[in-house]
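Visitor: I should like to learn how the features of a structural model are to be read. Might we proceed from the general idea to the particular case?

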Amino acid sequence: MTGATPSILIVDDQRPFQLMMKGILHSLGYRTIDFAHHGELALQRCQQQRYQIIFIDYNLGTGKNGRQLLEDLRQFGLLDADSICMLVTGENTVPMVISAVELEPDDYLMKPFSQNVLRSRLQRIQQKKHCLYGVYQAMMMQDWPTVEVQARHLLEQYPRYAPYLRRIQVQAMLHTGKFDAAKTELAPILSQRRPHWALLQQARLEMESGQHQRCQALCEEALSTNKYLVEAYDLQSENLMRGGDPDQARQLLKKALEISPYQLQRLQQFFQLSLRTGRQNDTLQAARQMYELTRRAGSNDPKQLLNYVRCLLNAVSASTEASQKNRLQQESLLIMHRARRDEHLLRKMDYECFERLCMARLDAADGRHLQARRSCQELALQLGEEDPLCCDLAMLCNQIGEFELAEQLEPAARLDADPIALSLWYQQQQQVEPQRLAFRQFSRQGLRCYEEADFAGAAKYYEQALLWAPHNSSTQLNLLQSVLQCISQDMPIVSVTPAEIIRRIQLQPLVGAQQERLQMLQRQYGDLTASGKLAG
């Protein structure tokens, strides 16, 4: 610890607790004490100076909670190797305690606590930080070979820290792929007390070597003595995924979330598994929780909001039950309306464009295809080739049957690095895949017939294609061109007239090459009418 009197930051939204802590710390000899009543202010203070000791209350009212603040402090490199972070809370519910302990703060204090308790905890942590500084420094740098060397060296010097150092040493070996060495280190430990950490490290080694049943058995052994060992559920879930049982993996992650519901990475994994296994309610619940978690944390990243809305829209499109569909639509509209008041969000992205895409998808889901197509055409001209909303435009195109445009957008849509957004896009592609395959099959057969001058056959297949995508403008134009060729070649008339096809096409918004093509076909239609081959 640098300096004789360490600087201290107390992060708590309750002024009485701040003053009480200041009094206790003053009596213990600490003088440099600052306060922050919410997470954002604490981050600002830590960016301005380094604190040696930080007390963080778990519940900070609005904005980030204590867990999220500690995660940010680590992510942004605002802690030194010898910094002390202690989480403090007055709640003792299982989810709250597990969520706090899972993040491995230097200590965890339950309110109320005495001056003697605080003194002894601080002295113990300071001594450990001082003795094991080399290990903490290497871990902060994620220099796992050095972590292993330091842990082995310090084991001889400080045997009282042997359990912690052995755990860190095996963890470093796993990070560097030294699995045989890790097994050798674990063998004598497991032959004696069989602590949780050793059981789970051995379980991970079994998973890495493909021994999935052994991995499950070791996790179960650890859980038999502590049913709240959330990392055991995580490991079991990963093991089952590798073993090809995603639904069981999803169920175990759900148990982990019941115990510790505030970890974003676990929620993301649960979302992906729920999406993969077709569990729509769980998928929506996970998307909603991710959104609420980041919203309460005061995050300026719009990603979770956008993904939640996308998830709702996919559910609306797939819903066949009227009341459920209406409920999902209302929820989508409510979330989008709330987002309009978020100034940070509006500065981070083109929210108006995203909202128009979403409204067009809702139009399509309600059967207002012409309105949805009009929005699609306008937005296709507005969005750049590398716009992150190309993924949403591709989903809209799939929904209204513009499959060719959706395929053209695919490379741009894949540029979106967010795996959740891509997964939702893949889900929607799977939903429309039967429709798209049938459409593509009939369209290709129509093209083949046209190239062979079988214009009646081409018209027949294009009509079949339009049964799967009734408003696909390219196919409507192909059908019109085939019918006009039938008439000009005196082939048997098909079931639909050119005038009827033109009326349908004129109801739809066309731009660029498609508009020019329609005009050319209308001139051809006028020539055929003038020649007497068909009535006007």
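The dialogue below takes up helix packing, enclosed and open spaces, burial and backbone geometry in turn.

Guide: Please note at the outset that this is a predicted model.

Visitor: How is a pair of packed helices described?

Guide: Two packed helices are described by the angle between their axes and by the distance between those axes. In this model, helix α9 (residues 179-190) packs against helix α10 (residues 196-208) at an angle of about 145 degrees, and their axes are 10 Å apart. The crossing of α9 past α10 is left-handed.

Visitor: Which residues make the contact between α9 and α10?

Guide: From α9 come Phe179, Ala182, Lys183, Leu186, Ile189 and Leu190, while α10 contributes Trp197, Ala198, Leu199, Gln201, Gln202, Leu205 and Glu208. By class, the residues of this contact are 9 nonpolar, 2 polar and 2 charged.

Visitor: Let us turn to enclosed space. How many cavities of 30 Å³ or more does a search of the whole structure find?

Guide: A cavity is a space where a 1.4 Å probe fits but cannot get out. The search of the whole structure finds 1 cavity of 30 Å³ or more. The volume of the largest cavity is about 60 Å³.

Visitor: Which residues line the largest cavity?

Guide: Its lining consists of Gln280, Thr283, Leu284, Cys311, Asn314, Ala315, Ala318, Gln427 and Gln431. Two or more of the lining residues come from each of α15 (280-296), α16 and α23 (419-451). Helix α16 gives the largest share, 4 residues. The lining of the largest cavity divides into 4 nonpolar and 5 polar residues, with no charged ones.

Visitor: A pocket, by contrast, is open. What is the volume of the second largest pocket?

Guide: The second largest pocket holds about 490 Å³ of space. Its lining comprises 23 residues, and those nearest the centre of the pocket are Gln377, Ala380, Leu405, Gln408 and Val511. At least two lining residues are supplied by each of α20 (369-382), α21 (390-400), α22 (403-413), α25 (473-488) and α27 (512-530). In composition, the lining of this pocket has 12 nonpolar, 7 polar and 4 charged residues.

Visitor: May we now consider burial? Why does Gln304 count as buried?

Guide: Buried means under 20% relative accessible area. Gln304 counts as buried because its relative accessibility is 6%. This residue belongs to helix α16 (residues 303-318). Setting aside residues up to four places away in sequence, Gln304 touches Leu264, Gln268, Met290, Tyr291 and Thr294.

Visitor: Is Leu60, in a loop, buried or exposed?

Guide: Leu60 has a relative accessible area of 3% and is therefore buried. The loop that holds Leu60 runs between β3 (53-57) and α3 (66-75). Apart from neighbours within four places in sequence, Leu60 is in contact with Val11, Asp12, Asp13, His37, Gly39, Asn65, Gly66 and Leu69.

Visitor: How should separation in sequence be set beside separation in space?

Guide: The two values are best read together for each pair. Gly23 and Gln115 are 92 residues apart in sequence, with 9.7 Å between their C-alpha atoms. Leu60 and Ile189 are 129 residues apart in sequence, and 41 Å separates them in space, C-alpha to C-alpha. Gly23 itself is in helix α1 (residues 15-27), and its relative accessible area of 41% makes it partly exposed.

Visitor: Finally, what deserves notice in the backbone?

Guide: Most residues other than glycine have a negative phi, and most peptide bonds are trans. In this model, Ala453 has a positive phi, near 65 degrees. Ala453 is located in the loop between α23 and α24 (455-468), and it is partly exposed, with a relative accessible area of 38%.

Visitor: What is the phi of Asp490, and where does this residue lie?

Guide: Phi of Asp490 is near 55 degrees, again a positive value in a residue other than glycine. Asp490 lies in the loop between α25 and α26 (498-506). With a relative accessible area of 63%, Asp490 is exposed.

Visitor: Which form, cis or trans, does the peptide bond from Lys111 to Pro112 take?

Guide: That bond is cis, with omega near -10 degrees. Pro112 is in the loop between β5 (107-110) and α5 (115-131).

Methods. Residues numbered from 1 in each chain as written. Predicted model: local features only at pLDDT ≥ 70, side-chain atom pairs only at ≥ 80, totals over all residues. Heavy atoms only, no water. 1 Å grid on protein atoms, 1.4 Å probe; cavity = no way out; pocket = protein on both sides within 12 Å on 5 of 7 lines; lining within 4 Å. Points joined across faces, edges and corners; volume = space filled by probe spheres on them. Nonpolar A, V, L, I, M, F, W, Y, C, P; charged D, E, K, R; others polar. Axes fitted to C-alpha atoms, helices over the stretch in contact; angles between N-to-C directions. Left-handed = near helix turned anticlockwise from the far one by under 90°. Contact = heavy atoms within 4.5 Å. Buried < 20%, exposed > 50% of the residue type's maximum accessible area, 1.4 Å probe, protein only.
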